Each structure stands twice: as structure tokens, then as C-alpha cells.
Amino acid sequence: MHKRGYYAEFGGAFLPEILNATFDELEAVFEAAKADPDFWPAYQDVMATYSCRATPLTFAANLTRHFGGARIYVKREDLNHTGAHKANNVMGQGLLVKRMGKTRVIAETGAGQHGVATATMAARFGFECTIYMGEVDVERQRPNVFWMERLGATVVPVRNGTRILKDAINEAFRDWVGNMDTTHYVLGTACGPHPFPEMVTYFQSIIGREARRQILEREGRLPKRVYACVGGGSNAMGLFSGFLDDPVELVGVEAGGKGLASGRHAARLCSADASVGVAQGYRTFFLQDSDGQMRETHSISAGLDYVGVSPILANFKQSGRARFEAATDAEVLEALSLTMRREGLIPALESAHAFAQAFKEAPDMTPEDIVIINQSGRGDKDIFTIAEAFEDPAWREFIKHKAEQYDA
């Protein structure tokens, strides 16, 4: 067991011996990059010229007027190339892969955004690319599978276990064990063995650094609260990183699914259903039974149904540095609909969780208060799920017509 990478009692690196040398190499390359004064500016240049950073901080005037409380700002990570904050992490890890001299990357994906971002990075840098994705997620995120394959990646549907994100992670680790010399595993969230939680947070911190500078330029003061959805925790750690040393309340919003009392949710930090354990190489809160078997999770969003959570966020829960809430599927759809009609923004279902919680609290705040919501991705990928949830009749006829064209 690796002794570094602990956040109080959480984190660590519980690795099979065969992976120790690979993780030692990755940690050494990451530490050398952080110590290199030219690395972060080079990373920022890549993100500015390839992914349109800095992303805007948009004042949501109509939503602010609608709720009559705090001034609402939206950090627009949906405007990254590939449509989500995932590009921040994969382009950074791509630069590390070049330093290590490896030629192949693998990744897991749930909602598909990390898979598309990794396939994009691989095409840009000339790497071979394989993406592991649970069979259930392949079905509900088919548009992203299409783009991954068009970008040149091989997408492997994972049919083991519950066929969602945790199973895709397991398969990616199995691949890595057999191909360590040529392959880097581009883990997509701030979870897993050290140094992944720290490394993903480092690259995603560009969100919070920008947001802090932008709100000070715009308002001359800091926000009272910042909101981010929490699956594994990458976009939350990205936004929170900009305000860790400030008197700003950090609010993480988990997938409440059908409601915490129903047991059909994916809330690990704000429900009593999770407990501390060790799995997939690190120690954190998992939704598991008394025998340590992972429970089946539920969320309307494919990116928030992971059974574990970042060890850094687990420490924030224990220390009280962040507050964690849950938004149900119904609340998420209501928030999504309101945001589209009032602001012309289409948040991803994952991001809409953060909007839902902010909308619950903004009316009780004062007009002098400011809140920032992280729109971690755009909702184009969710069109099948959203159209079905809204029972849109025109969309249903469109699907029937297309099926007839394919003789289905």
C-alpha cells in the first residue's frame, strides 16, 4: 500500500504489486511537471488555443429576477471544446503522457463526456485510444459513443456487474495491468489511487482560478456560495479549488434519484446509506452493503451514478469544509426546464443538479449575496433521456420515423 495521498482517513493507493512501478513513474512525472515553471503556462496555452478558455462567467439576470434573492452567476464549462469540463483534465494528462513517452491511452466513461474528451485528446496528440463504458451507459448515451468512434477510439461495452461506471473502471484497470509499458490510464475524475485525486484536481482547478478572478473583476467581491454537482467529484473540486482559502460556502449536490428514502439514488455524502470502505484502489465513502458489496445506484444522469466519491470531498464532509445536498430526478428536470426557458442555457443533466439546489436556496438569500453555479457540461448528449422524460410527442414521432427508415 502506498503511504502518500491521504486526506485525513481518506485516499491512499491500494495497488496490486504489479502496478507499483507504473504509479511511481506517474507520480514522479506529475511532480516534475508541477515543479516546472513552464508547464502550467504551456497547459494554459493549450486550453486557450484548443478549448476556448477562459470560459465565461455569465450573469443569469432572468433567473436572478425570477427568484428575487441572490445574484446568480453561471460558470460556463459547457463551452469547452467537447462540451464539458472533462477537457481540462484530459489535455493535462495528455501532456504528461507525452513526457512519459507512451503511445496509447485508455479511459472509462459514464455519461460519455470524459470518453469523448479522451478520444479528442488522443486524436490531437496521436495516441491509440480505447474507451471502456458500461453497457447501460452505452445505451443511454449513444450519441457520445458515435463521436468517440468517429474520433478514432475503440469503445468497449462492459457487460460485467451492473454495467455502469464502476464496472468500466474495473475493466480499464485490467487493461492497464497488461499494457503498462505503452499505456496510460486517463482516469476521468478525482477518485482512484494516489496521485489521481490530486492530479485531476490540479488540472480542473483552472475552473475555480478563473471563476474567482472573474467574479472579483465583475462584482468586486466574492460569492457567498458556489454550487457544483458531485459524481466522482472532478468538476466540484475544480470550482471549489478557487475558493478553499476564502469565506465562501462550498455546496456539492449529489444524485437524489427517486428520493433518498427510496434507496434508488447515488448519494454517498448526504445519505445514511453509504459507509467508508476500500475499493478500486482508494478509501472513501461507498454505497455498499454490510459485506462490502457495491450497491446498485440510480440517477437520471449517467455521470452521477458512481458508487464512490473523491477522497478529498469525503474529507471535506468530515471536516465540515463543504456541505452536501441531493437533488431528485424530478427536481433536476424542473431546474433544467426553467434554465432553458429563462436563460437560453441547456445544462447537462449532471450540471442541472447544481442548478436545482441553488434554486432551492437563492430565494432565501439577499440581493447583495452572490452565488456561482458550475455548468459542467451541455445537455445535447442527454436529448434522448430528456425527450423521453418530458414525453415529447414530436420527438417520439421522429424516432418512430427514423426506426422505419432502418427497418426496425
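How many positive and negative side chains does the protein have, and how far apart do the centres of the two sets lie? In this predicted model, the tally comes to 44 positive and 52 negative side chains, with the two centres 3 Å apart.

As for the overall fold, the chain runs through 15 helices and 14 strands. Its radius of gyration is 20 Å, close to the 22 Å that the globule rule gives for 408 residues, so the protein is as compact as a globular protein of that length. Measured out along the principal axes, the box filled by the C-alpha atoms is roughly 60 × 55 × 50 Å. Long-range pairs turn up a lot in the contact list: of the contacts between residues at least 6 apart in sequence, 73% join residues at least 24 apart.

Turning to burial, 60% of the 408 residues count as buried. What the protein does expose adds up to about 16,000 Å², and carbon and sulfur atoms supply 49% of that area.

The largest nonpolar core takes in 93 residues, and W176, L239 and L313 are the ones that touch the most other members. Helix α9, spanning residues 196-219, gives the most to this core, with nine residues. A separate core of 28 residues lies apart from it, with V74, I300, V332 and A335 among its members.

Back in the largest core, W176 deserves a look of its own. Leaving aside residues up to four places away in sequence, W176 touches L19, T22, F23 and I106, along with T183, H184, Y185 and F196.

How values were computed. Residues numbered from 1 in each chain as written. Predicted model: local features only at pLDDT ≥ 70, side-chain atom pairs only at ≥ 80, totals over all residues. Heavy atoms only, no water. Core = buried A, V, L, I, M, F, W, Y, C linked by side-chain atoms within 4.5 Å. Buried < 20%, exposed > 50% of the residue type's maximum accessible area, 1.4 Å probe, protein only. Helix = DSSP H or I, 4+ residues; strand = E, 2+ residues; numbered from the N terminus. Contact = heavy atoms within 4.5 Å. Rg over C-alpha atoms; globule rule 2.2 N^0.38 Å. Areas by Shrake-Rupley, 256 points an atom, 1.4 Å probe, with all protein chains shown as cover. Lys, Arg positive; Asp, Glu negative; His and termini not counted. Charge placed at Lys NZ, Arg CZ, Asp CG, Glu CD.
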